[in-house]
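User: I'd like to learn how to read a protein model, one feature at a time. Could you take me through this one?
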Amino acid sequence: MSLREETAALHLRRDAARRLGPPERVDAQRAAGKMTVRERIDRLFDPGTFREFGTLATSEDRDIRSSGKETPCDGVVTGVGRIEGREVFVAAYDYTVLAGSMGIVGERKVRRMREMARTQLRPIVWLIDSAGARIQEHAGTRAFAPTGDLFYEQVQMSGLVPQVAAVMGPGAAGTAYIPGLADFVPMVAGTSSMALGGPPLVKATVGEDVTEQELGGSHVHSRASGVADLEVPDDAACLDIVRRYLGFFPSRAGEPAPRRDPVEPPAAAAEMLDSVLPDNSRMAYDVKKILRGLVDGGEFLEIKPDFARNIVTALVRFAGRPAGVLANQPQVLAGALDNDASDKAARFIQLCDAFELPLVFFQDIPGFMVGSKVEREGIIRHGAKMLYAVSEATVPKITVVIRKAYGAGYYCMCGRAFGPDLIVAWPSAEISLMGAAGAVGILHGRKIAAASDPKSERDRLGAEFQKRISPYEAAEA
């Protein structure tokens with residue numbers, strides 16, 4: 001064959017590989033309300049920027065090949081594209097090909113993506129829609145052993161490059177651990193699930209009859225377990241939120257996060273700041289209304305909004321600069337910290353610290369939950385995780401005392417002893433057992449500011465962020 005003929009044949013083979021699995025499987029995918037793997041990739045990346053690697057890979061298993069089954073891409077599409085102009089690697093499992101199971105060849109491709117993301121210092125995104133390991137290929141062999149590097153390498157990349165695992169279908173066994181080790185885990189309502197063992201295995205081992213959604217659906221993991229960071233309505237929303245999440249972070253640790261033009265919060269939200277707090281300090285209010293009146297555009301990406309709702313963790317922008325916010329939520333448990341809230345806060349603090357996002361703490365906290373129940377569940381141990389995270393964070397930290405700041409809760413939410421660059425107290429602040437006037441009067445020292453009012457808070461925070469640039473930006477300047 002001539003080079004022209006060989007090139008034409010190559011293009012035909014590539015086109016065949018991109019046709020996904022059998023038509024009936026593709027139809028079932030769409031009937032379930034799910035995009036195909038190719039449609040997902042088109043939605044995730046900037047148009048025309050995706051470059052695929054390993055397109056022609058297929059299963060090397062003799063039984064699968066002899067059966068005549070086609071395994072395009074060996075069930076996983078890998079490559080690199082751009083999101084808002086920045087390179088991001090991807091491994092997207094294709095449920096239409098042997099249920100998106102992890103084959104030997106496919107995992108070689110994924111391993112190469114991890115290697116490239118780690119060496120080139122770029123984010124990596126997994127699109128999970130997989131039944132887990134392809135048992136027929138690995139049973140009785142040692143061929144699967146190298147893919148155990150997956151978990152080790154994810155840990156090594158943690159805090160070095162952003163890692164996102166979007167669960168858009170099942171994630172069983174091996175593919176369930178990928179989200180467990182990722183930074184951000186959105187799940188699609190109704191079609192996604194995660195579990196170390198599926199319903200048949202659960203029935204066989206512990207005798208429990210349970211459906212896939214009851215076992216590990218998006219509702220379970222976004223509300224009860226806290227493994228998921230967000231529940232979204234469909235595939236399109238899931239991919240859009242991945243793009244939005246990455247927009248808050250640098251491509252790697254040590255680089256500045258993307259900055260945007262400052263956007264004033266909505267006028268109505270800003271005007272509400274003076275009236276959001278009830279006259280009775282024992283009455284609850286929604287702390288999210290305060291955030292909407294202060295952050296750029298009144299918009300924020302809340303992390304784990306349905307888990308441990310007594311604390312709000314959110315990605316925001318002040319004066320165009322990304323930051324992380326932690327705020328006590330008086331509407332739930334009066335804003336007190338319990339086990340789940342402590343774990344949620346500690347993980348969020350560590351994430352922001354790894355990628356040099358400043359932290360802002362909004363305090364209205366009566367302290368930690370007390371009682372025999374939380375003591376049996378290890379409240380001291382869980383609270384210690386948060387204390388470690390706050391004290392070890394090296395990014396700029398600003399504390400705003402809105403109302404209550406009592407006991408150990410005051411310190412855990414970055415009180416004076418935990419190294420905040422600035423503490424601001426609103427007129428309604430009550431630190432320790434004192435009222436606002438007495439509390440503000442005793443706040444002194446170089447890290448303490450005088451009383452502030454809600455409407456001036458946005459300007460103050462913006463100015464502080466401009467002054468406290470990261471060491472990397474200072475070096476560049």
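User: Let's start with charge. How many positive and negative side chains does the protein have, and how far apart do the centres of the two sets lie?

Analyst: Keep in mind that this is a predicted model. To read charge, count each kind of side chain and then ask where the two sets are centred. Here there are 58 positive and 61 negative side chains, and their centres lie 2 Å apart.

User: What about the overall build: how many helices and strands does the protein have?

Analyst: Start with the secondary structure, then look at the dimensions. The protein has 21 helices and 16 strands. Its radius of gyration is 25 Å, close to the 23 Å from the globule rule for 477 residues, so the protein is as compact as a globular protein of that length. Along the principal axes, the C-alpha atoms fill a box of roughly 85 × 55 × 40 Å.

User: And what share of the residues is buried?

Analyst: Buried residues are 54% of the 477 in the protein. For the outside, look at which atoms supply the surface: about 20,700 Å² is exposed, and carbon and sulfur atoms supply 54% of that area. You can also ask how far along the chain the contacts reach. Of the contacts with a separation of 6 or more, 73% are between residues 24 or more positions apart.

User: Let's zoom in on one residue. Where is the place of Val276, and is it buried or exposed?

Analyst: For a single residue, go from its element to its cover to its neighbours. Val276 is in the loop between helix H13 (267–271) and helix H14 (287–294). With a cut-off of under 20% relative accessible area for buried, Val276 counts as buried because its value is 11%.

User: Which residues is Val276 in contact with, leaving aside its neighbours within four places in sequence?

Analyst: Those would be Tyr285, Asp286, Lys289 and Ile290. It also helps to compare sequence with space: Val276 and Pro454 are 178 residues apart in sequence, with their C-alpha atoms 9.8 Å apart.

User: Now salt bridges. How many does a search of the whole structure find?

Analyst: The search finds 28 salt bridges. For any one of them, check the distance, then the elements, then the cover. Take Arg134 and Asp74, whose side chains meet at 2.7 Å, N to O. This pair links distant parts of the chain, 60 residues apart. Arg134 sits in the loop between strand E4 (124–130) and helix H6 (135–138), while Asp74 is in the loop between helix H4 (62–66) and strand E2 (76–83). Both are buried, Arg134 at 1% relative accessibility and Asp74 at 0%.

User: Where do Lys385 and Asp343 lie, and how many residues apart in sequence are the parts they tie together?

Analyst: Lys385 lies in helix H17 (residues 379–392) and Asp343 in helix H15 (residues 339–354), so their salt bridge ties together parts 42 residues apart in sequence. The N to O distance is 3.7 Å. Lys385 is partly exposed at 39%, and Asp343 is also partly exposed, at 23%.

User: Which residues do salt bridges that share partners join into one network?

Analyst: For networks, follow the shared partners from one bridge to the next. Here they join Lys34, Arg40, Asp129 and Asp235.

User: Can we finish with Glu52: with which residue does it form a salt bridge?

Analyst: Its partner is Arg18, with the closest N and O atoms 3.6 Å apart. Glu52 belongs to strand E1 (residues 51–53), and Arg18 to the loop between helix H1 (3–17) and helix H2 (23–31). Glu52 is buried at 16%, whereas Arg18 is partly exposed at 36%.

Terms used: Residues numbered from 1 in each chain as written. Predicted model: local features only at pLDDT ≥ 70, side-chain atom pairs only at ≥ 80, totals over all residues. Heavy atoms only, no water. Helix = DSSP H or I, 4+ residues; strand = E, 2+ residues; numbered from the N terminus. Rg over C-alpha atoms; globule rule 2.2 N^0.38 Å. Buried < 20%, exposed > 50% of the residue type's maximum accessible area, 1.4 Å probe, protein only. Contact = heavy atoms within 4.5 Å. Areas by Shrake-Rupley, 256 points an atom, 1.4 Å probe, with all protein chains shown as cover. Lys, Arg positive; Asp, Glu negative; His and termini not counted. Charge placed at Lys NZ, Arg CZ, Asp CG, Glu CD. Salt bridge = Lys/Arg side-chain N within 4 Å of Asp/Glu carboxyl O.
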